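Subject: Structure handover

Hello,

Here is the structure I said I would pass on. Please look through it first, then read the notes below.

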Amino acid sequence: MNITQYLTEEHRKCDTYYAEAEKAVNAGDWEKAKELFNTFKEKTLLHFQKEEDVLFPEFERVTGIVMGPTQVMRMEHDQARQLMEEMERALEQKDKDTFLSAGESLMVLLQQHNMKEEQILYPMSDQHLDADRMVEAMGKLGEV
Amino acid sequence: MTPQGLQLLYLPPFSIIARFFVTAVFFAFIGSTYLTYQAVKGELLLPPAVHLFTLGFMAMTMIGALFQMLPVVAGVTLERPLELAFAVHVSSLGGVLLLVLGFITGGKASALTGLLLLLASFGGTAAYMLYKLLKAENLRDAPRGFIFALTAFLLGLLTGSSALLTLAGFLKLDYARLFDAHVGFMLWGWTALLVASVSFQVIEMFFVTPPYPRYLTRYLPPAVLALTVLRALIPFVLWDLLLSALFVAYAAVTAHRLSLRRRRVPDPLVYLWYYAVFFLAVSALLYPFKERLFAWFLLSFGLFVLSVISSMMMRIVAFLVWMHLTSQGVPNAPTMFKVIEPSDAWTLFSVHTALIASLVLLVEGFPLFTALFLSAETFLLCCFVLKGVLTYARLRRA
Ligand SMILES: [Fe+2]
Ligand SMILES: [Fe+2]
């Protein structure tokens, strides 16, 4: 399995986790929503960690591009983290509108983010890095 | 290192897409007001009304969206985008107004000046975008589809201009054939194909659906362009039947994808997509009978585009307002449903549904209700797009 396949699959899994949490919030099932949202958040953060701690540093080291796409990707991860915190607060207050609004923004943010990674960053990584070693190192951090 | 990757840094300034979208929705409103006026007078002059929608609303939206999508979706940068957008926007705005004025009054000078402005603005940008895309490497199927759509757009401009010059007496060509080729290039090759190519990327993204089958995303764009070229060169009913079948198939696959979406929250913008593919299929089925049913074909095609643009524009504007504000570090930037509220989307959806219901009266020979609902819908669309743009203007960091 190469880097693109490995990380793209994680994106799809996170999408599904979110869709389930959103469904529970919309139905007003707050207990279930909290549980499902926690799974989504945990898995998404783990995916970010794999990129930020393993893939991006190696990408920057090998290509020499430090202030490039990886910086933008990190910034978007931060924006996503902020939205997830806002959603967590909304869950505490059982505030459906705020949750769904932040969730919609998060979904579109992540989708365009993932698209850029899947289209450009991951293929470039596969081209220039040792894919097997990368996938193994990311796998050690856990499973999304 | 391939410089293409670095284009990820570039989020085009919001003012670019904002000016095209605001102008586009105003043209849609002007177009529907004009249709209402015609309905009251009991006449129907197609060229001005059609071009207010196709050039003023559709092309304005699509060119604006391409400014946004080329860097993000295809990793292609346009040089000096702000200056380019300014020039294209101003000259195409003038071009549409003059051309339509020419159609209404029969004034040759106005129509031809408008035509020149449109060739320079829309034609110039389309050619430039096409050139940039052709130079890009490893394009995915969605941006690859843009290549075929932009080619059809240029061919549509060429045949449209030739038709107009023939009509004005400057060329001695077969007007009926040019007109027929122009409609084929512009509606199927450009509009429907661009919508399809964009959907290959965004349906999966926005609604979390399984991806489109590869044979469709790979072969639909070249097949559609080839058929529009063939039917222009060798008029033959088979090409039209094949085009019709391709788009009915695309519509069916899209409806099926949407039905498999994993996000199950009721969403008016999904339902607008269902309307869109339904009317796309209807217009594709009417197309082989266009000699007798031309106005009905245009009407269903128009409803297809209106549904799809309404749905996408509401989402894109809300997202970009939040994205730009938050990237500028504005604290507590409003998230999407606080920019354009779900109730706004539901209102638009209800009026759209009423518009579709009014088609029953239209068949019975009462066009006024349809024209009024169309005006109401495009007015709402203006309000919501403006609401988003003004939210951005109010909160942004200078
Ligand atoms: Fe990422
Ligand atoms: Fe990622």
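A residue is called buried at under 20% relative accessible area, exposed at over 50%, and partly exposed in between (1.4 Å probe, protein chains only). By that rule Tyr122(A) is buried, since its relative accessible area is 0%. Glu51(A) is buried as well, with a relative accessible area of 0%.

This is a predicted model, in which local features need pLDDT of at least 70, side-chain atom pairs count only at pLDDT 80 or more, and totals for chains, interfaces and linings use all residues. Residues are numbered from 1 along each chain as its sequence is written, chains are lettered from A and ligands numbered from 1 in the order in which they are written, and side-chain values use heavy atoms, with hydrogens and water left out.

Next, the metal sites. Donors are N, O and S atoms within 2.8 Å of the metal (3.2 Å for Na, K and Ca); water is not among the atoms, so sites may look incomplete.

The iron ion (ligand 2) has as protein donors His11(A) (NE2), His47(A) (NE2), Glu51(A) (OE), Glu117(A) (OE) and Tyr122(A) (OH), at 2.0 to 2.4 Å. Glu51(A), in helix H2 (residues 30-63) of chain A, and Tyr122(A), in helix H4 of chain A, are 71 residues apart, and the pair links distant parts of the chain. Helices here are DSSP runs (H or I, at least four residues) and strands likewise (E, at least two), numbered from the N terminus.

For the iron ion (ligand 1), the protein donors are Glu51(A) (OE), His77(A) (NE2), His113(A) (NE2) and Glu117(A) (OE), at 1.9 to 2.2 Å. Glu51(A) bridges this ion and the iron ion (ligand 2), and the two ions lie 3.1 Å apart. His77(A) and Glu117(A) are both buried.

Regards
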